[in-house]
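Got your viewer open? Here's a short tour, stop by stop.

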There are 2 protein chains.
Amino acid sequence: MINQQYPSRLLEKAVSEFSKLPGVGRKTALRLVLHLLREEPGQTDSFAAALSDLRHNVKHCSVCHNISDTDVCPICANPHRDEALVCVVENIQDVLAIENTQQYNGLYHVLGGVISPMDGIGPNDIEIDSLVERVQAHDEIEEVILALSSTMEGDTTNFYISRKLAPLGVKVSVIARGISVGNELEYTDEVTLGRSIVNRTPFNT
Amino acid sequence: MINQQYPSRLLEKAVSEFSKLPGVGRKTALRLVLHLLREEPGQTDSFAAALSDLRHNVKHCSVCHNISDTDVCPICANPHRDEALVCVVENIQDVLAIENTQQYNGLYHVLGGVISPMDGIGPNDIEIDSLVERVQAHDEIEEVILALSSTMEGDTTNFYISRKLAPLGVKVSVIARGISVGNELEYTDEVTLGRSIVNRTPFNT
């Protein structure tokens, strides 16, 4: 499609701002902007205010580096959570994904990324040192669970963290990898299937 | 997925505002919000400002009812456009679509909708009276081209407008309907194919 000439600069500006968002093209941006124009002005105002408010006032938890409104996030501040467990994740979406399983009652440590030399992200660009300091400072931490994506970068980061934590005598585990629940063996990729045989677990009835 | 409990009310508010937009679910909204958090605060500010600015300052052209920054839109104000032609469309996206073809040099009239009893939209809810007044007031208008969607509502609106314009002696035409350029006959739906045979045109070499 050739570049569109909008009849309004305000419209042009709003559409181009919207289309800076990932996965939003100019056609989608125009549709969203025209939707806002059809709604009450108050909706656009509260939308704009919510974004600015978040951007300027959001904090990161001083303990786990998760997004938070307060200095310590609600998960870290919750006395009913198990302080002996710290689950290391890449970002806040992963925290939400694990919380949704309702299978985990420990704390988190959000790295804010994984080691990725290709993207210029080294160990000092993510929250690894603060994890080591946290484990050193808190004797109640018994186990660190590495829950990173099963990629080259995730594996590298797992390896780096486990080496850093080794001298501290804390137990380090990694989340199980194998065939997905509900998946048929036939359609599972070879690497996953191979690993799931190597890492087989005792059958519990 | 069960309802997510975000660790931040600011985040919760921003995500729920984003997910009010059509086609944006909570997962997409979270992804977009986290994208904004990774970027400079200035980007969020200019995004929020562009939306508020548009919502509060945008006007509609007093002639054609298209979106405009000024009282008369750039298309209506352009002396090089053919004042004898007025193309009736449903909304601004249709204006942009026709402009993109670069096949039309006349003016527009944006109805802001089509007659749709099911949605409670009658002839007085859209810009039909203003079209009739415009044709009455401007003797230079020779032809009104109806370019509405080929739906029941579009056809109803075409019929209504043509009846309203009949006493004024202006020529009323409708955009051609037939098989799409590049489409194979075999896969064209029966109604379109039937119409394209009934409305066949002389073969020009």
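How many residue pairs are in polar contact between chain B and chain A? With both residues at pLDDT 80 or more, 14 pairs make the count; a polar contact is a pair of N or O atoms within 3.5 Å, where within protein one must be able to donate a hydrogen and the other to accept it, and residues adjacent in sequence count only if both atoms are side-chain atoms.

Some ground rules: this is a predicted model, where local features need pLDDT of at least 70, side-chain atom pairs count only at pLDDT 80 or more, and totals for chains, interfaces and linings use all residues. Residues are numbered from 1 along each chain as its sequence is written, chains are lettered from A in the order in which they are written, and side-chain values use heavy atoms, without hydrogens and water.

Next, select both sides of the interface: 55 residues of chain B touch 54 of chain A (contact means heavy atoms within 4.5 Å). About 5100 Å² is buried between them, 71% of it from carbon and sulfur atoms; that is accessible area (1.4 Å probe) lost on putting the two parts together, summed over both. Now pick P7(B), L10(B) and R55(B), which lose the most area on the chain B side, together 14% of what that side buries.

Looking for salt bridges (a Lys or Arg side-chain nitrogen within 4 Å of an Asp or Glu carboxyl oxygen)? The count between chain B and chain A is zero.

Then colour α3(B), residues 41-57: α3(B) gives the most to the side that touches chain A, with 15 residues.

Notes:
Helices (H or I, at least four residues) and strands (E, at least two) are DSSP runs, numbered from the N terminus.
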